[in-house]
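Biologist: Please look closely at one part of the model, beginning with a single side chain and working outwards through the elements around it.

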Amino acid sequence: MKQDQLFLTGVERHFGDDEIIVSKTDTKGRITYANDVFLRVAGYREKDILGQPHSIIRHPDMPRCVFALLWDTISKGREIFAYVINRSANGDHYWVLANVTPTFGPNGNIVGYHSNRRVPRREAVEQVIPLYADLRAEEERERNRKDGMARSTQKLGNLLGQAGIDYDQFVFTL
């Protein structure tokens with residue numbers, strides 16, 4: 001079953017302000033580590049999540065263009081901050097403020113990625129929800145997924161360009 005066809009409950013999960021969701025992946029995005037907070041909030045057991053693509057928690061309301069921006073940024077060796085809606089194993093969802101960084105090996109090459117996720121400010125989430133819905137609508141306007149993502153990427157780029165900021169700066173203005 002495709003990820004965007006999975007059951008959704010409409011129920012939002014929460015975690016503590018003092019908790020951090022942590023996961024690590026290899027360079028292909030397969031999960032190599034998940035802390036207890038990740039396992040509890042996402043609703044997975046460690047044995048079931050290790051080796052799985054991180055996209056297993058992708059919520060269909062999350063714009064693909066934001067993930068493309070994220071992957072483009074971290075694959076170039078830079079960190080990124082992003083608001084992300086994730087999907088739990090049972091179809092619930094949860095919002096995070098993610099900080100994703102590359103992990104470098106002794107030779108300076110990227111060997112994986114590390115993500116710390118904190119509880120986002122609710123006011124920021126309320127501002128992101130309509131933007132992400134608009135970006136997803138752009139993605140759905142095209143039959144071809146690549147064309148749809150190009151369309152939403154252009155829209156996001158135009159919005160950021162008009163504001164004279166990059167995505168990280170946008171995240172911190174919310």
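**From a buried glutamate to the sheet edge**

Modeller: Glu138 has a relative accessibility of 9% and therefore counts as buried, the cut-off being under 20%. The model is a predicted one. Glu138 belongs to helix α4, which covers residues 122–140. Leaving aside residues up to four places away in sequence, Glu138 touches Gly148, Arg151, Ser152 and Lys155.

The helix that carries Glu138 lies across β3 and β4, and runs at about 90° to β4. Strand β3, residues 80–87, is itself largely enclosed by the rest of the structure, because eight of its eight residues are buried. In a regular strand, side chains alternate between the two faces of the sheet. In β3, Ile80, Ala82, Val84 and Asn86 point one way, while Phe81, Tyr83, Ile85 and Arg87 point the other way, and all are buried.

The partner of β3 is strand β4, residues 93–104, and the two pair in the antiparallel sense over eight bridges. Within this pairing, Asn86 has Tyr94 as its bridge partner in β4. The hairpin formed by β3 and β4 has five residues between the strands, and Gly91 takes a positive phi near 100° there.

This hairpin is part of an open sheet of five strands, ordered β2-β1-β5-β4-β3 and paired in the antiparallel sense. Both β2 (31–34) and β3 stand at the edges with a single partner strand each, so one side of each is left without a neighbour in the sheet. On average, neighbouring strands of the sheet are turned by 30° against each other, direction ignored. At the edge formed by β2, the pairing with strand β1 (residues 21–25) is antiparallel over three bridges, and Thr25 stands opposite Ile31 in β2.

β3 also takes part in the lining of the largest pocket, to which β1, α3 (64–75), β3, β4 and β5 (110–118) each supply at least two residues. This pocket holds about 470 Å³ of space. It is lined by 26 residues, and the closest to its centre are His54, Ser55, Phe67, Leu70 and Trp71. The lining comprises 13 nonpolar, eight polar and five charged residues. Its greatest contributor is α3, with six residues.

Ile80 of β3 leads to the second largest pocket, where Leu69, Thr73, Ile80, Asp166 and Tyr167 lie nearest the centre among 14 lining residues. The volume of this second pocket is about 260 Å³. Here α3, α5 (145–163) and α6 (167–173) each supply at least two lining residues.

Notes
Residues are numbered from 1 along each chain as its sequence is written. This is a predicted model: local features need pLDDT of at least 70, side-chain atom pairs count only at pLDDT 80 or more; totals for chains, interfaces and linings use all residues. Side-chain values use heavy atoms; hydrogens and water are left out. Buried means under 20% relative accessible area, exposed over 50%, partly exposed in between (1.4 Å probe, protein chains only). Helices (H or I, at least four residues) and strands (E, at least two) are DSSP runs, numbered from the N terminus. Two strands pair if DSSP finds at least two bridges between them. Contact means heavy atoms within 4.5 Å. Axes are lines fitted to C-alpha atoms, for helices over the stretch in contact, and angles run from 0 to 180 degrees between N-to-C directions. On a 1 Å grid over the protein atoms alone, a cavity is a set of points where a 1.4 Å probe fits but cannot get out, and a pocket is an open set with protein on both sides within 12 Å along at least five of seven lines; lining residues have an atom within 4 Å of a point. Grid points are joined across faces, edges and corners, and a volume is the space filled by probe spheres set on the points. Ala, Val, Leu, Ile, Met, Phe, Trp, Tyr, Cys and Pro count as nonpolar, Asp, Glu, Lys and Arg as charged, and the others, Gly among them, as polar.
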